[in-house]
Amino acid sequence: YADNPNHSDIATSLNNIGLIFKDIGNYDRALQFLEKSYEIEKKVYADNLNHPTIAISLYNIAMVYDNKGDYNKALEYYEKSYKIDKNIYVDNPNHPCFTN
């Protein structure tokens, strides 16, 4: 993807690396990868920023802030993710995104 560094596959790889860093407790490094993934996804889905992939990225970033104990930042990102999901699934309030 040298000719297209903003490809969705690059974003997916960065996201996956970020999640591994989260899992091993290196939260600052995780955020670097997850935020870079999110920036690419915003370009990929510029015509539809309410895309489920954007919501997932925001959720993943929120989880890292949650794990870091930065609950205000976590809440900010969880709310952004929820808002997108709510817009996507407005006609299906029983979607698994909204039930536990």
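Which residues does S37 touch, not counting residues up to four places away in sequence? Keep that one in mind while you load the model, which is a predicted one.

**Whole chain.** Start with everything shown as cartoon. You'll see 4 helices and 0 strands, so to speak a plain α-α-α-α run when read along the sequence. Now switch on a surface: the protein exposes about 6,400 Å², with carbon and sulfur atoms supplying 49% of it. Of the 100 residues, 29% count as buried. If you like contact maps, take the contacts with a separation of 6 or more: residues 24 or more positions apart account for 45% of them.

**S37.** Select S37, which lies in helix α2, and show its surroundings. The answer to the opening question is A11, L14, N15 and S57, with residues up to four places away in sequence left out. S37 has a relative accessible area of 0%, so it counts as buried.

**α2 against α3.** Next, select residues 27-44 for α2 and residues 52-68 for α3. The two helices pack at an angle of about 165 degrees, and their axes are 10 Å apart. Because the cut-off for roughly antiparallel is over 145 degrees, α2 is roughly antiparallel to α3. As for handedness, α2 passes α3 in a left-handed crossing.

Turn on side chains here. From α2, pick Y27, D28, A30, L31, L34, E35, S37, Y38, E41 and K42; from α3, pick T53, I54, S57, L58, N60, I61, V64, Y65, N67 and K68. S37 is back again, as one of the α2 residues in this contact. Colour the set by class and you get 10 nonpolar, 5 polar and 5 charged residues.

**α1 against α3.** Keep α3 on screen and add helix α1, residues 8-23. What angle do α1 and α3 pack at? It is about 15 degrees, with the axes 11 Å apart. Since angles under 35 degrees count as roughly parallel, α1 is roughly parallel to α3. This crossing is left-handed.

For the side chains, select N15, L19 and K22 on α1, then N60, M63, V64 and N67 on α3. By class, the residues of this contact divide into 3 nonpolar, 3 polar and 1 charged.

**Last stop.** Leave N15 selected: N15 belongs to the α1 side of the contact with α3, and N15 is also among the residues that S37 touches. Then click N60, V64 and N67, which α3 brings to its contact with α2 and to its contact with α1.

Notes: Residues numbered from 1 in each chain as written. Predicted model: local features only at pLDDT ≥ 70, side-chain atom pairs only at ≥ 80, totals over all residues. Heavy atoms only, no water. Axes fitted to C-alpha atoms, helices over the stretch in contact; angles between N-to-C directions. Parallel < 35°, antiparallel > 145°, perpendicular 65-115°, else oblique. Left-handed = near helix turned anticlockwise from the far one by under 90°. Contact = heavy atoms within 4.5 Å. Nonpolar A, V, L, I, M, F, W, Y, C, P; charged D, E, K, R; others polar. Buried < 20%, exposed > 50% of the residue type's maximum accessible area, 1.4 Å probe, protein only. Areas by Shrake-Rupley, 256 points an atom, 1.4 Å probe, with all protein chains shown as cover.
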